[in-house]
Amino acid sequence: MKKVEVVDLYGVDYSKMTDRINEVMTALQADGKQVYDFRVIGSALNKCAVFIMYEE
C-alpha cells in the first residue's frame with residue numbers, strides 16, 4: 001500500500017532542516033518501508049513541507 005508522510009518545516013531553523021528530514025526518512029526505512037519519491041511544497045524554505053511517498 002502506498003502512503004505519504006508529511007514533514008512540516010514551518011518555523012524550523014535552516015540548520016536543522018536536514019536533520020529533521022533525515023530522522024523521518026530513517027524511521028520509515030527502519031520500519032521496513034520503501035521510500036520511492038518526495039516533494040517539497042511551499043512558498044519559502046522556512047514555510048514548506050516535505051511529502052515523502054513510501055510503500056509498506
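Two strands are said to pair if DSSP finds at least two bridges between them. With that in mind, I turn to the predicted model before us, in which seven bridges join strand β1, residues 2–8, to β3. These two strands run antiparallel.

Let me place those strands in the chain as a whole. The protein chain contains one helix and three strands, and from the N terminus on its elements follow the order β-α-β-β. The C-alpha trace spans about 30 × 20 × 10 Å along its principal axes.

I shall now describe the sheet. Its three strands are arranged in the order β1-β3-β2, forming an open sheet with antiparallel pairing. The edge strands, β1 and β2, each pair on one side only. From one strand to the next, the twist averages 20°.

Individual residues help to locate the pairing between β1 and β3. Lys3 has Tyr54 in β3 as its bridge partner, while Asp8 stands opposite Ala49 of β3. On the other side, strand β2, residues 34–42, pairs with β3 in the antiparallel sense over eight bridges. There, Gln34 has Glu55 of β3 as its bridge partner. A hairpin of five residues connects β2 to β3.

Which residues make up the largest nonpolar core? There are 10 in all: Val7, Leu9, Met17, Val24, Leu28, Val35, Cys48, Val50, Ile52 and Tyr54. Two elements give two or more residues to this core, namely α1, residues 14–30, and β3, residues 48–55. The most comes from β3, with four residues. As general background, nonpolar side chains in soluble globular proteins tend to be buried together.

Strand β3 deserves a further remark. Six of its eight residues are buried, and the strand is mostly covered. Across the protein chain, buried residues make up 23% of the 56 residues.

One member of the core, Val35, may serve as an example of how parts of the chain meet. Leaving aside neighbours within four places in sequence, Val35 is in contact with Met25, Leu28, Gln29, Ile52, Met53 and Tyr54.

Finally, two values for the protein chain. Among contacts between residues at least 6 apart in sequence, 52% join residues at least 24 apart. The accessible surface comes to about 4100 Å², and carbon and sulfur atoms account for 50% of that area.

To close, I return to β3: this strand pairs with β1, pairs with β2, and gives the most to the largest nonpolar core.

Key:
Residues numbered from 1 in each chain as written. Predicted model: local features only at pLDDT ≥ 70, side-chain atom pairs only at ≥ 80, totals over all residues. Heavy atoms only, no water. Core = buried A, V, L, I, M, F, W, Y, C linked by side-chain atoms within 4.5 Å. Buried < 20%, exposed > 50% of the residue type's maximum accessible area, 1.4 Å probe, protein only. Contact = heavy atoms within 4.5 Å. Axes fitted to C-alpha atoms, helices over the stretch in contact; angles between N-to-C directions. Areas by Shrake-Rupley, 256 points an atom, 1.4 Å probe, with all protein chains shown as cover.
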